[in-house]
Amino acid sequence: MKRSERWGKRMLSALAAAAVLAATPVGAAGNGKSKGKPPASSHRYIEVQLLGINDFHGQLNVTRKVGGREVGRADYLAAYLKQREAENKNTLLVHAGDAVGASPPVSALLQDEPTIEVLNKLGFDVGTLGNHEFDEGVAEMLRLIHGGYHPATGDFAGADFPYVSANVIDKETKQPILPPYVIKRVNGMPIGFIGVTLTDTPSIVTPSGVAGVEFIDEATAINKAVRELKKKGVRTIVVLAHNPGASNPDGTNASGEIVDIAKTVDDEVDVIFAGHNHAYLNAVVDGKLLVQSYSYGTAFSDVDLKIDPRTKDVVAKQAEIVTTYHDGITPDPEIRALVEKYEAKVAPLVNQVVGTAAETITDEQNASGESALGNLIADAQRAAMNTDFAFMNPGGIRADIEQGEVTWGELYNVQPFNNQLVKMTLTGAQIRELLNQQWQPTKTRMLQISGLRYTWSASRPAGNKVVDIQLPDGTPLNPNGEYTVTVNSFLADGGDGFTVLTQGTNREVGPVDLDALVSYIRGLAQPFSARMEGRINRLP
Ligand SMILES: [Zn+2]
């Protein structure tokens, strides 16, 4: 179908989905230079399609559910992207960071090379760095991008597409570690892509991950790049920002860091792809179109631009966040074959035996709230971070450990979330508050614990259920004392309503929870076991 027809059809279908944004009128905010003579007719505009993902996290073979329907997986995402690409030859594929890191075994066990390979095969045009790209340090991140050797995987060619980053600076040279921007030409139209990563990154990745680099203010870095792009005659400017944002489905109520950035940056910026908080965002703020499409390949952003060839600037723009439902589309065979190749490759590692369980170890809690598997996991986390205590959210334990040989893959199923461990300091009083936060109005969540014992009373009111808290030697917890605590990153951010954990000081990020469990079990006398020990005691 002709491009002009397609635009009309898409407008209608997007309207039906109530997710459409009015096309920005000619000469919208900041595009003052495009004012002047009105264009003769709209079909002379160049129509460019940008397809974007964020926070993919290497979810090549992970199926998720949205509204009861299956979504996700690289082969289905690929089918959708190729379908949209076929509708407009002026298409560019982009990603806004966290493409790798916290990924499933099929990608993680091969240094996330499979994910880069999939993005290569799909013909991605440009990407930027999320915080997770730094998980294994700057050198490994740059190896994935530029290619190089890793002892676990051998030689790797790297990404076929450029990464841009305007605000990650080498501490010594004071220069960006990657090009701040690239210019892509589509049907003669130059389009500038600028990358930025949230400045909070050093506080949410392990310190060794960001050694040697610093993160400067996103808006300052973007504006510097915009100035350079404008000097080169580029008027269509897109920012790939690993910064959070969200909006209502109809584009109202846009919020998050990206909104502040949008308001601060030069009005020559037309579109900003956001990321990091895995949310829906499709809104216009200060004349800029902001999008984010959840995470894990469960959706992608389809941004349609109309560019006036005389001014080379955007005259209309709209976006749709498309969910990758499995029903109604055939998975892409080329990407499926690639994923299956990597699944076969990691099978020996996934099937590697880590230890032998003397008995089946379950997360079934007794009346007090303690479980054998919870004790094992909390012990592993406390050992990994060498702290006084550890607390594990019960919802993060997803499977039992069966009696007999325990494989790496089984342990992955027990702890599939790839949460990093966080060490922090809390007072005794804060630890008491933490335990009291287990009884919430809608749900009780019994934390699995290590390094302490306590009693709680069923007859006491919520907020004051905890009676006594003791150290292993029987001495009471000192409310004014300071204690080191390990939790996972989800809890450290106040997840599951454990808000007191956001007050923890002296934070330090450690290994992924699964790695802590694997190395702890490897270190135990075999066959290993874990039992309930009366760490949590319920009084009438
Ligand atoms: Zn992120």
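Guide: Four donors count as tetrahedral if all angles lie between 85 and 135 degrees, and as square planar if opposite donors are over 155 degrees apart and all others between 65 and 115; anything else is irregular. The model discussed here is predicted.

Visitor: Which residues coordinate the zinc ion?

Guide: Asp98 (OD), Asn131 (OD1), His242 (NE2) and His276 (ND1) do so, at 2.1 to 2.2 Å. Their spacing in sequence is D-x32-N-x110-H-x33-H.

Visitor: What makes the site of the zinc ion irregular?

Guide: The angles among the four donor atoms run from 90 to 161°. A tetrahedral site needs all angles between 85 and 135 degrees, so the value of 161° rules that label out. The site is classed as irregular.

Visitor: Where in the chain do Asn131 and His276 lie?

Guide: Asn131 is in the loop between strand 5 (126–128) and helix 5 (138–146), and His276 is in the loop between strand 14 (269–273) and strand 15 (280–285). They are 145 residues apart, and the pair links distant parts of the chain.

Visitor: Why is Asn131 called buried?

Guide: Its relative accessibility is 4%. Buried means under 20%, so Asn131 falls in that class.

Visitor: Why does His276 count as partly exposed?

Guide: His276 has 23% relative accessibility. That value lies between the 20% and 50% limits, so His276 is partly exposed.

Visitor: What makes helix 2 roughly antiparallel to helix 9?

Guide: Helix 2 (residues 74–87) and helix 9 (residues 333–350) pack at about 155°, their axes being 8 Å apart. Angles over 145 degrees count as roughly antiparallel, so helix 2 has that relation to helix 9. The crossing of helix 2 past helix 9 is right-handed.

Visitor: Which residues of helix 2 and helix 9 meet?

Guide: From helix 2 they are Ala74, Asp75, Tyr76, Ala78 and Lys82; from helix 9, Glu334, Ile335, Arg336 and Val339.

Visitor: Why is helix 7 called oblique to helix 8?

Guide: The angle between helix 7 (residues 218–231) and helix 8 (residues 257–264) is about 40°, with axes 9 Å apart. Roughly parallel would need an angle under 35 degrees, and roughly perpendicular one of 65 to 115. The angle fits neither range, so helix 7 is oblique to helix 8. Glu218, Ala219, Ile222 and Asn223 of helix 7 make the contact with Glu257, Ile261 and Thr264 of helix 8.

Visitor: How do you know that Leu110 is buried?

Guide: Leu110 has 9% relative accessibility, and the limit for buried is under 20%, so the label applies. Leu110 sits in the loop between helix 3 (105–108) and helix 4 (113–122). Apart from neighbours within four places in sequence, Leu110 contacts Pro105, Thr153, Tyr342, Lys345 and Val346.

Visitor: Why does Asn386 count as exposed?

Guide: Asn386 has a relative accessibility of 65%. Exposed means over 50%, so Asn386 qualifies. Asn386 lies in the loop between helix 10 (372–385) and strand 20 (389–392). Its phi is near 55°, a positive value in a residue other than glycine.

Visitor: What makes Asp496 partly exposed?

Guide: At 21%, Asp496 is not under the 20% limit for buried and not over the 50% limit for exposed, so it counts as partly exposed. Asp496 is in the loop between helix 13 (489–492) and strand 27 (505–512). Its phi is also positive, at about 60°, although Asp496 is not a glycine.

Conventions
Residues numbered from 1 in each chain as written. Predicted model: local features only at pLDDT ≥ 70, side-chain atom pairs only at ≥ 80, totals over all residues. Heavy atoms only, no water. Donors = N, O, S within 2.8 Å, 3.2 Å for Na, K, Ca; no water. Tetrahedral: all angles 85-135°; square planar, octahedral: opposite > 155°, others 65-115°. Helix = DSSP H or I, 4+ residues; strand = E, 2+ residues; numbered from the N terminus. Buried < 20%, exposed > 50% of the residue type's maximum accessible area, 1.4 Å probe, protein only. Axes fitted to C-alpha atoms, helices over the stretch in contact; angles between N-to-C directions. Left-handed = near helix turned anticlockwise from the far one by under 90°. Contact = heavy atoms within 4.5 Å.
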